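Open your viewer and get the selection tool ready. We will go from stop to stop, picking residues and reading what is there.

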Amino acid sequence: DVPCRHSAWECLHDACNRYGVAVHAYVLMTNHVHLWMTPKTSDSISLTMQSIGRHYVQYVNQDYKRTGTLWESRHKASLVDNEKYLLHFCRYIELNPVRANMVKHPAEYRWLSDRYNTMGEWSKIIQLHALYSAMGLNDAERHMAYQDLFRNELDVNVISDIRRAALFSMPTGASRFKEQVEEMPNRKLSYAKRGWPFGIKGNGG
């Protein structure tokens, strides 16, 4: 539903600007959303997702003549460790429509950041991550380097690990990184109930 997804896009764009969240990769699927985001403050992502939940449901209820809530529960987020894991997550996000057999190549899917990252198509919501900027000296080099990431499919074990971490709000990274996260104040590694949608938060921007 193009009008419905356009409304979701606008809600996401407005909320990210308001609460200081940089979006580096995204996919808007028919029943869920994946986002790679870097927040300016510890509560930026929560405030962003709350805003989307409040405003987007108004569009949906109006368009479909319905009432009530829309989401199953609050969003789920995975704090991601370093370059290796962040790039895995990015590939996971942008290969979603391919795994769902909706398209043969990410570039064929409209609601996806691949068009920006591989072809330079303008996007008002995407902000360059330091990892992406370091892939080349100019846009052409970065686009080619980024395309190379997708020449091979993700390992099934990697996909399984990412899904588990994201769905249950677990950190993704080496064992020491997970221990460091657990040592953070008010942070406990435990499996949470599944929810929709989930975001991916990059460590250190």
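Is Cys90 buried or exposed? Select Cys90: this residue is buried, with a relative accessible area of 3%. Buried means under 20% relative accessible area, exposed means over 50%, and partly exposed lies in between, with a 1.4 Å probe and protein chains only.

Before the next stop, a word on the model. Residues are numbered from 1 along each chain as its sequence is written, and side-chain values use heavy atoms, with hydrogens and water left out. The model is predicted: local features need pLDDT of at least 70, side-chain atom pairs count only at pLDDT 80 or more, and totals for chains, interfaces and linings use all residues.

**Cysteines**

Now select Cys11. Cys11 is buried too, at a relative accessible area of 8%. How many disulfides does a search of the whole structure find? The search finds 0. A disulfide here is a pair of cysteine sulfur atoms within 2.5 Å.

**The whole chain**

Zoom out and show the cartoon. The protein chain has 9 helices and 4 strands. Both are DSSP runs, numbered from the N terminus: helices are H or I with at least four residues, strands are E with at least two. Trace the chain from the N terminus, and the elements run α-β-β-α-β-α-α-α-α-α-α-α-β.

Turn on the surface. The accessible surface of the protein chain comes to about 11300 Å². Carbon and sulfur atoms hold 50% of that surface. Such areas come from the Shrake-Rupley method with a 1.4 Å probe, and for residues only the protein chains shown count as cover. Of the 205 residues in the protein chain, 46% are buried.

What share of the contacts with a separation of 6 or more comes from residues 24 or more positions apart? The share is 66% in the protein chain. Contact means heavy atoms within 4.5 Å.

**Helix 3 against helix 8**

Select residues 83-94, which form helix 3. Add helix 8, residues 156-167. Two packed helices are described by the angle between their axes and the distance between the axes. Here the angle is about 90°, and the axes are 11 Å apart. So helix 3 is roughly perpendicular to helix 8. The cut-offs are under 35 degrees for roughly parallel, over 145 for roughly antiparallel, 65 to 115 for roughly perpendicular, and oblique for the rest. Axes are lines fitted to C-alpha atoms, for helices over the stretch in contact, and angles run from 0 to 180 degrees between N-to-C directions.

Which residues meet here? Show side chains for His88, Phe89 and Tyr92 in helix 3. Across from them, in helix 8, are Val158, Ile159, Ile162 and Arg163. The residues of this contact divide into 5 nonpolar, 1 polar and 1 charged. Ala, Val, Leu, Ile, Met, Phe, Trp, Tyr, Cys and Pro count as nonpolar, Asp, Glu, Lys and Arg as charged, and the others, Gly among them, as polar.

Stay on Tyr92. This residue is buried at 4% relative accessibility. Draw a distance from its C-alpha to that of Val158: the atoms are separated by 9.0 Å, though the residues are 66 apart along the chain.

Slide along helix 8 to Leu167. Leu167 counts as partly exposed, at 23%. Its C-alpha is 7.6 Å from that of Ala77, 90 residues apart along the chain.

**Around Ile125**

Select Ile125, in the loop between helix 5 and helix 6 (130-133). Ile125 is buried, with a relative accessible area of 4%. What does it contact, leaving aside neighbours within four places in sequence? Show Trp9, Leu12, His13, Val23 and Tyr26. The C-alpha atoms of Ile125 and Leu12 are separated by 8.5 Å, with their positions 113 residues apart along the chain.

Now pick Asn17 in helix 1 (residues 2-19). Asn17 is exposed, at 53%. From its C-alpha to that of Ile125 is 8.8 Å, and the two are 108 residues apart along the chain.

**Two loops**

Go to Asn101, in the loop between helix 4 (96-99) and helix 5 (114-119). Asn101 has a positive phi of about 60°, although it is not a glycine. Asn101 is exposed, with a relative accessible area of 71%.

Finish at Ser169, in the loop between helix 8 and helix 9 (175-182). Ser169 is not a glycine, yet its phi is positive, about 55°. At 22% relative accessibility, Ser169 counts as partly exposed.
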